[in-house]
Amino acid sequence: MALTLAFASVFRFWQPAIKLAQHVAGTSAWQELYSLFHIESGLGREQLILTGIMIACFLLALGVQAIGLLIFQRIRKNRV
């Protein structure tokens, strides 16, 4: 969970990540999500963007942890 929050904080404080999130939120695919979920208000759109950011951060953290676990297992296997 801490790794997910660390990645999410990047979207708050790192300018290139903010620009990336704005770019993705402006794509036609993202606009289709608004239609799919019947989101018409600005608050709803903002909530969907934040949900997307958190899901992306969770998946990134999950990938980092899985790679870390594989590296740890290989190191441990080589010692035995």
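Buried means under 20% relative accessible area and exposed means over 50%, with partly exposed in between. Keep that cut-off handy for these exercises on a predicted model.

**Exercise 1. Work out whether histidine 38 is buried or exposed, and say what is notable about its phi.**

Step 1: find the residue. Histidine 38 sits in the loop between α3 and α4.

Step 2: apply the cut-off. The relative accessible area of histidine 38 is 68%, so this residue is exposed.

Step 3: turn to the backbone. Phi of histidine 38 is near 55 degrees, which is positive even though the residue isn't a glycine. As background, most residues other than glycine have a negative phi.

**Exercise 2. Describe how α3 and α4 are arranged, and which residues bring them into contact.**

Step 1: get the geometry. Helix α3 covers residues 28-36 and helix α4 covers residues 42-79; they pack at an angle of about 120 degrees, and their axes are 11 Å apart.

Step 2: classify the angle. Roughly perpendicular runs from 65 to 115 degrees and roughly antiparallel starts over 145, with the rest oblique. The pair α3 and α4 is therefore oblique.

Step 3: add the handedness. α3 and α4 make a right-handed crossing.

Step 4: list who meets whom. From α3 come Trp30, Gln31, Leu33 and Tyr34, and they meet Arg45, Leu48, Ile49 and Gly52 of α4. Sorted by type, the residues of this contact are five nonpolar, two polar and one charged.

**Exercise 3. Which residues make up the largest nonpolar core, and what does tryptophan 30 touch?**

Step 1: name the members. The largest nonpolar core has five residues: Ala25, Trp30, Tyr34, Ile39 and Leu48.

Step 2: zoom in on tryptophan 30. Skip residues up to four places away in sequence, and tryptophan 30 touches Val24, Ala25, Leu48, Ile49 and Gly52.

Step 3: put the two lists side by side. Ala25 and Leu48 are core members, and both are also touched by tryptophan 30.

**Exercise 4. Repeat the helix-pair analysis for α1 and α2.**

Step 1: geometry again. α1 and helix α2 (residues 15-25) pack at an angle of about 90 degrees, with 6 Å between their axes.

Step 2: classify. That angle makes α1 roughly perpendicular to α2.

Step 3: find the contacts. Val10, Phe11, Arg12 and Phe13 on the α1 side meet Gln15, Ala17, Ile18 and Ala21 on the α2 side. The tally for this contact is six nonpolar, one polar and one charged.

**Exercise 5. Where is cysteine 57, and which residues is it in contact with beyond its sequence neighbours?**

Step 1: place it. Cysteine 57 belongs to helix α4.

Step 2: check burial. With a relative accessible area of 2%, cysteine 57 is buried.

Step 3: look beyond neighbours within four places in sequence. Cysteine 57 is in contact with Thr4, Phe7, Ala8 and Phe11.

Step 4: follow one partner back. Threonine 4 is in helix α1 (residues 2-13) and is buried too, at 11% relative accessible area. Not counting residues up to four places away in sequence, threonine 4 touches Met54, Cys57, Phe58 and Ala61.

Step 5: compare sequence and space. Cysteine 57 and valine 10 are 47 residues apart in sequence, yet their C-alpha atoms are 9.5 Å apart.

**Exercise 6. Is glycine 44 buried or exposed?**

Step 1: locate it. Glycine 44 is part of helix α4.

Step 2: use the cut-off. Its relative accessible area is 14%, so glycine 44 is buried.

Methods. Residues numbered from 1 in each chain as written. Predicted model: local features only at pLDDT ≥ 70, side-chain atom pairs only at ≥ 80, totals over all residues. Heavy atoms only, no water. Axes fitted to C-alpha atoms, helices over the stretch in contact; angles between N-to-C directions. Helix = DSSP H or I, 4+ residues; strand = E, 2+ residues; numbered from the N terminus. Parallel < 35°, antiparallel > 145°, perpendicular 65-115°, else oblique. Left-handed = near helix turned anticlockwise from the far one by under 90°. Contact = heavy atoms within 4.5 Å. Nonpolar A, V, L, I, M, F, W, Y, C, P; charged D, E, K, R; others polar. Buried < 20%, exposed > 50% of the residue type's maximum accessible area, 1.4 Å probe, protein only. Core = buried A, V, L, I, M, F, W, Y, C linked by side-chain atoms within 4.5 Å.
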